[in-house]
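Student: I should like to study one part of this model closely. Please show me the structure before I put my question.

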2 protein chains.
Amino acid sequence: MENNAFKLTIHMVSSLDGFIAKNDNSISWFETVDSYEKGVTLTEQDMVEFLKSIDCYVMGSHTYEHALKLSKSYGWVYGDVPVIVLTHRNLPVDGQNVEFYSGDLNNLVNERLKPNYRNVWMAGGAILAKDLIRLKLADEIRVSIIPIILGEGKLFFDHIGQEQTLHLKDATAYKNGIVELHYEIKK
Amino acid sequence: MENNAFKLTIHMVSSLDGFIAKNDNSISWFETVDSYEKGVTLTEQDMVEFLKSIDCYVMGSHTYEHALKLSKSYGWVYGDVPVIVLTHRNLPVDGQNVEFYSGDLNNLVNERLKPNYRNVWMAGGAILAKDLIRLKLADEIRVSIIPIILGEGKLFFDHIGQEQTLHLKDATAYKNGIVELHYEIKK
């Protein structure tokens, strides 16, 4: 049954102190040099299988602009998978499978996403993620914790203002010291 | 070698969004009702062995006052183990092995703790914990993450203002959905 059910997953990469970005927006802290002996390693095959399972990405406009900038050097990381960008602004499209959306989040999830996709991945946007949690529209959350205290920056959860019970689905520690916590958001 | 080395460990219990206390100070959220099938369980013997290894507790004055209040109903949880309370205030002592300290933290660690103890546990006090990390006086940090988003309250790390590299020593997921992350603080 679960394989056929719709699922909207929020993903975040965070420091131990909960920051997803430094004040200067540098991202060198993502490159952990830690080594955790007991950790597991993902093979390229694992990664390919995992990415193949995602049939739509949703993101905020800043994440989109960042991905667009990176695509000039490294290519478009989301391939042919549909990307829906939440924005009220007019943003450039560069030959990708990108759609802009500026309406209500309930409509987005119930009318645009649920009838068309199975495994939707919220790839970035702290404000968007918080709204999705508050409105009970997100089903799961995956946090990758990098072994660093950043000390300052942009908090992911930043006083979301609403209590939300979680269910731990999985906890995986990797060889590079990153821990991924995978929770179901209870409704 | 490591068994003979001095170690100061910071322990915190936190929600996924990094809060250690709610604004109303209620602690019912500690009682998780989650169930994680793959998780491990600690036996009473494990707990006893673990607690026996701690030879000194250090805490802030609010944690001490809270423990003192709880002790009226449940007894003094730290037993005969020395407890050092960091405070400038005159606080009551109730027949326990408690000492007050109001001096410099470098002196506390290097002159009071190191010559006398091996395994010191920082049992509470967000401001104290931050100062110990900033001054590079803490050796390890253990975070127990409860499967809940609190949404508001008192942040543990709260913009510590200094970057600190960590090394993942262990990651343990328990049957009750709590995940304990154990890091070495790199110096």
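Which exposed residues does the face of H2(B) turned away from its buried side carry? Please describe the helix and then its surroundings in one connected account.

Tutor: Please bear in mind that this model is predicted. The face of H2(B) turned away from the buried side carries B:Lys69, B:Lys72 and B:Ser73, which are exposed.

Let us begin with the helix itself. Helix H2 of chain B covers residues 61-74, which makes 14 residues. At 1.5 Å a residue these should span 20 Å, and the end C-alpha atoms are 19 Å apart, so the two values agree. The buried residues of H2(B) are B:Thr63, B:Tyr64 and B:Ala67. Viewed down the helix axis, these buried residues fall within an arc of 95°, and therefore they line one face of H2(B). After the helix comes B:Gly75, whose phi is positive, near 85°.

What do the buried residues of H2(B) pack against? Their partners are three strands of chain B: strand S3 (56-60), strand S4 (83-86) and strand S6 (119-124). These strands belong to an open sheet of nine strands, whose order is S8(A)-S10(B)-S11(B)-S7(B)-S1(B)-S6(B)-S3(B)-S4(B)-S5(B), with mixed pairing. Its edge strands are strand S8 (148-149) of chain A and strand S5 (98-101) of chain B, each of which pairs on one side only. Within this sheet, S10(B) and S11(B) are antiparallel and pair over seven bridges. One bridge partner of this kind is B:Glu184 in S11(B), which stands opposite B:His167.

The sheet leads us to the contact between the chains. Here 30 residues of chain B are in contact with 30 residues of chain A. On the side of chain B that touches chain A, S8, strand S10 (164-173) and strand S11 (179-185) of chain B each supply at least two residues. Of the elements there, S10(B) gives the most, with seven residues.

Another open sheet of nine strands follows the order S5(A)-S4(A)-S3(A)-S6(A)-S1(A)-S7(A)-S11(A)-S10(A)-S8(B), again with mixed pairing. Its edge strands, each pairing on one side only, are strand S5 (98-101) of chain A and strand S8 (148-149) of chain B. In this sheet S6(A) deserves attention: five of its six residues are buried, and the strand is mostly covered. Strand S1 (residues 7-15) of chain A pairs with S6(A) in the parallel sense over four bridges. Among the facing residues, A:Leu8 has A:Val120 as its bridge partner, and A:Lys7 stands opposite A:Asn119. Strand S3 (residues 56-60) of chain A also runs parallel to S6(A), joined to S6(A) by four bridges. There A:Val58 has A:Met122 as its bridge partner.

A:Met122 brings us to the interior. The largest nonpolar core has 101 residues, and those with the most contacts inside this core are A:Met122, B:Met122 and B:Val179. Domain 1 (64-102) and domain 2 (118-187) of chain A both contribute residues, so the core lies between them. The C-alpha centres of these two domains of chain A lie 22 Å apart. Leaving aside residues up to four places away in sequence, A:Met122 touches several residues, including A:Ile10, A:His11, A:Leu128 and A:Ala138. As a general point, nonpolar side chains in soluble globular proteins tend to be buried together.

Key
Residues are numbered from 1 along each chain as its sequence is written. Chains are lettered from A and ligands numbered from 1 in the order in which they are written. This is a predicted model: local features need pLDDT of at least 70, side-chain atom pairs count only at pLDDT 80 or more; totals for chains, interfaces and linings use all residues. The expected span of a helix is 1.5 Å times one less than its number of residues. A residue is buried if 20 or more other C-beta atoms lie within 10 Å of its own, exposed if 12 or fewer, and partly exposed in between; C-beta atoms are placed from the backbone. The arc is that of the directions from the helix axis to the C-beta atoms. Two residues are in contact if their C-beta atoms, placed from the backbone, lie within 7 Å. A nonpolar core is a set of buried Ala, Val, Leu, Ile, Met, Phe, Trp, Tyr and Cys residues joined through C-beta atoms within 7 Å. Domain bounds come from an automatic or database domain assignment. Two strands pair if DSSP finds at least two bridges between them.
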